[in-house]
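Open the model in your viewer and keep the selection panel at hand. The stops below can be taken in order.

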Amino acid sequence: MVKSNIHLAPVLGLCVVIALPAAAMEQAASNLPATQPPAETAQPRMPQPEPLFRLGLRFGDGAFQELPVFEHDPFGPLLEAVRQGAKAAAARPIKPAQVPLEVAWLLPEEPARVLGELPPLRILSTALWGGGGKSQIEMAPFQRQISEEGKTGRIDWQGLLGELTYRDPQLTAAEGQFKVPGLHVVADGEADMRLRDMGLSFTLDADGLPRKLAFQLPELRIDGPDGNFVLRQMSTQGQVAEARPGLDLGDGVLRVEGIGFQRGEEQVQLTREIATT
């Protein structure tokens with residue numbers, strides 16, 4: 001998890017220009033041979049990264065706005081959008097108050113051509129009497145037939161459900177959970193991938209930073225003409241604590257109940273693998 005704010009500050013060049021008084025310039029010109037003024041050197045600018053895609057946000061009947069999503073912060077913009085909806089609900093004087101938010105996926109041209117228009121995320125944030133509240137998040141299932149460069153396949157996305165529960169009156173610090181019932185991706189003649197009941201839970205502090213994180217994946221299976229791979233009961237747990245201002249330290253545990261590989265008559269089975277960091 002990452003910070004929910006995106007900082008897009010271009011690197012600015014600093015130019016210092018020293019101008020001589022007119023009289024001093026005339027005196028200098030009478031005593032010195034004419035010379036060409038030194039060429040000014042421009043400080044190079046840092047290239048701006050291209051966003052992976054954009055999120056289109058609309059709060060209730062309000063104006064449409066876009067939020068870019070970058071590779072270095074793929075989840076921050078979405079969390080920030082949820083937090084904006086929660087803050088808008090908390091700011092309303094009459095409670096309980098609800099603010100609906102619809103989030104559209106504005107994909108680049110090539111992914112949009114392959115996937116088509118994806119179902120939006122629908123988020124409903126509620127602020128309660130006495131403080132606190134929640135945001136409920138839902139994305140509908142969809143199926144797609146894929147055709148790309150002579151290859152075909154299909155995607156079966158079985159939806160997403162999530163909820164954030166806020167622990168403070170400002171609706172900032174939160175505990176959240178997401179669940180994806182299943183995903184099935186097929187590349188005809190190449191691979192067949194299935195996962196089910198993927199879950200994610202986490203705790204965010206008042207700044208939107210993750211402090212606890214847990215992930216579970218009961219099963220991931222990939223079948224192909226050259227062999228099969230199965231991953232069973234993978235789970236991770238981690239937590240981050242602020243050792244001192246500006247320094248966060250964390251630890252985590254990764255557990256896997258079973259990993260299986262099969263290629264022809266060759267089989268490899270691993271059980272109860274545990275790693276700590």
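Which residue's side chain makes a polar contact of 2.6 Å with the side chain of Ser125? Select Ser125 and Ser135 together: their side chains are joined by that 2.6 Å contact. The model is predicted, and side-chain atom pairs count only at pLDDT 80 or more. Ser125 belongs to strand E4. Its relative accessibility is 1%, so Ser125 counts as buried, the cut-off being under 20%.

**From E4 to E1**

Extend the selection to the whole of E4, residues 121-127, and add strand E3, residues 97-106. E3 and E4 run antiparallel and are paired over 7 bridges. To find one of these pairs, pick Val103, whose bridge partner in E4 is Leu121.

Now add E1, which pairs with E3, also in the antiparallel sense, over 6 bridges. Here pick Phe59, whose bridge partner in E3 is Leu101.

**The largest pocket**

Next, display the largest pocket, with a volume of about 990 Å³. Its lining takes in 31 residues. To centre the view, select Phe75, Leu78, Trp105, Trp157 and Leu160, the lining residues that lie nearest the pocket's centre. Then colour by element: those that give two or more residues to the lining are E1 (53-59), H2 (76-91), E5 (133-139), E7 (151-157), E9 (174-187), E10 (191-204) and E11. Colouring the lining by residue class instead gives 29 nonpolar, 1 polar and 1 charged.

**Helix H2**

Stay with H2, one of the elements just coloured. What distance separates its end C-alpha atoms? They are 22 Å apart, and this agrees with the expected span of 22 Å, because the helix has 16 residues at 1.5 Å a residue, the span being counted over one less than the number of residues.

Select the buried residues of H2 next: Gly76, Pro77, Leu79, Glu80, Ala81, Val82, Arg83, Gly85, Ala86 and Ala89. While turning the helix, recall that an α-helix has 3.6 residues a turn, so residues three or four places apart point the same way.

**Strand E11**

The last stop is E11, residues 210-224, where Arg211 is found. Is Arg211 buried or exposed? Its relative accessible area is 18%, so Arg211 is buried, falling under the 20% limit. Show its side chain together with that of Asp205: a polar contact of 3.1 Å joins the two.

Technical notes:
Residues are numbered from 1 along each chain as its sequence is written. This is a predicted model: local features need pLDDT of at least 70, side-chain atom pairs count only at pLDDT 80 or more; totals for chains, interfaces and linings use all residues. Side-chain values use heavy atoms; hydrogens and water are left out. Helices (H or I, at least four residues) and strands (E, at least two) are DSSP runs, numbered from the N terminus. Buried means under 20% relative accessible area, exposed over 50%, partly exposed in between (1.4 Å probe, protein chains only). A polar contact is a pair of N or O atoms within 3.5 Å; within protein, one must be able to donate a hydrogen and the other to accept it, and residues adjacent in sequence count only if both atoms are side-chain atoms. On a 1 Å grid over the protein atoms alone, a cavity is a set of points where a 1.4 Å probe fits but cannot get out, and a pocket is an open set with protein on both sides within 12 Å along at least five of seven lines; lining residues have an atom within 4 Å of a point. Grid points are joined across faces, edges and corners, and a volume is the space filled by probe spheres set on the points. Ala, Val, Leu, Ile, Met, Phe, Trp, Tyr, Cys and Pro count as nonpolar, Asp, Glu, Lys and Arg as charged, and the others, Gly among them, as polar. Two strands pair if DSSP finds at least two bridges between them.
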